[in-house]
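Subject: Structure for your review

Hello,

Here is the structure we spoke about, for you to look over. My notes come after it.

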Amino acid sequence: MIDHQYIQQQSQQQDMLNSIDFTDLTAPVYEDRRRKKSTTLQDKQAISNMRIRRRAQNRASQRAFRERKEKHVQHLEHELETLEAKHRELMKSHTNLGETNDKLKQEVESLRLEIRTLKTFGDTGSLLGSPVSNEFDQFEQDGFLDSTNDFTF
């Protein structure tokens, strides 16, 4: 009978061991990361409310972005107008300076011609005499009357 009791006791212990769920604490625990669908009406309403709030937030963000973009475009258009006005002003100034430069070149050429004429008359004993001739010679030596000088800017 002892053998029978022993076998029965061993069988009960084995059944008991099989019924206990042993977990390995060293093994990593993996949870199901997928969302579980809620089946309650309250959960469905909460999800619906979250979606409504999220859509409203997205609309507000998009509206704010469009407003910032419009403001930036307006700023760029204003800056473009300012730069175009400045460009027109600079072009007008450039044209005026070019015309003034041309007039000054003509005046310099006219004065050179007048100096050559005066030098010619000065050398032939005209009314001006030699002091004027010597004064223009000094300008020539300094390079002021050199015809190779070009005053182009």
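Below is what turned up, starting with the overall fold and moving on to charges.

Please keep in mind that this is a predicted model.

Overall. The protein has three helices and zero strands, and its elements follow the order α-α-α from the N terminus. Helix H2 covers residues 41-123. Of the 153 residues, 5% count as buried. The exposed area comes to about 14800 Å², with 55% of it supplied by carbon and sulfur atoms.

Salt bridges. The search of the whole structure gave two salt bridges. One joins the side chains of Glu109 and Arg112, at 3.7 Å from N to O. The other joins Arg116 to Glu109, where the N to O distance is 3.8 Å. Glu109, Arg112 and Arg116 are thus linked in a network of salt bridges.

Glu109 and Arg112 both belong to helix H2, and because they are three residues apart there, about one helical turn separates them. As for cover, Arg112 has a relative accessibility of 6% and therefore counts as buried, the cut-off for that class being under 20%. Glu109, at 40%, counts as partly exposed. Arg116 is also partly exposed, its relative accessible area being 42%.

Charged patches. Which residues form the positive surface patch? They are Arg51, Arg55, Arg59, Arg63 and Arg66. Arg63 is located in helix H2, and its relative accessibility of 43% makes it partly exposed.

A patch of negative charge is also present on the surface, where Glu70, Glu77, Glu81 and Glu84 gather. Among them, Glu77 lies in helix H2. With a relative accessibility of 45%, Glu77 counts as partly exposed. Partly exposed here refers to the range between the buried limit, under 20%, and the exposed limit, over 50%, so the values of 43% for Arg63 and 45% for Glu77 fall in that class.

If you go through the model yourself, you could start with the network of Glu109, Arg112 and Arg116, then turn to the positive patch that includes Arg63 and the negative patch that includes Glu77.

Regards

Conventions:
Residues numbered from 1 in each chain as written. Predicted model: local features only at pLDDT ≥ 70, side-chain atom pairs only at ≥ 80, totals over all residues. Heavy atoms only, no water. Patch = residues over 30% accessible without salt bridge, like charges linked within 9 Å, V, L, I, M, F, W, Y side chains within 5 Å. Areas by Shrake-Rupley, 256 points an atom, 1.4 Å probe, with all protein chains shown as cover. Salt bridge = Lys/Arg side-chain N within 4 Å of Asp/Glu carboxyl O. Lys, Arg positive; Asp, Glu negative; His and termini not counted. Charge placed at Lys NZ, Arg CZ, Asp CG, Glu CD. Helix = DSSP H or I, 4+ residues; strand = E, 2+ residues; numbered from the N terminus. Buried < 20%, exposed > 50% of the residue type's maximum accessible area, 1.4 Å probe, protein only.
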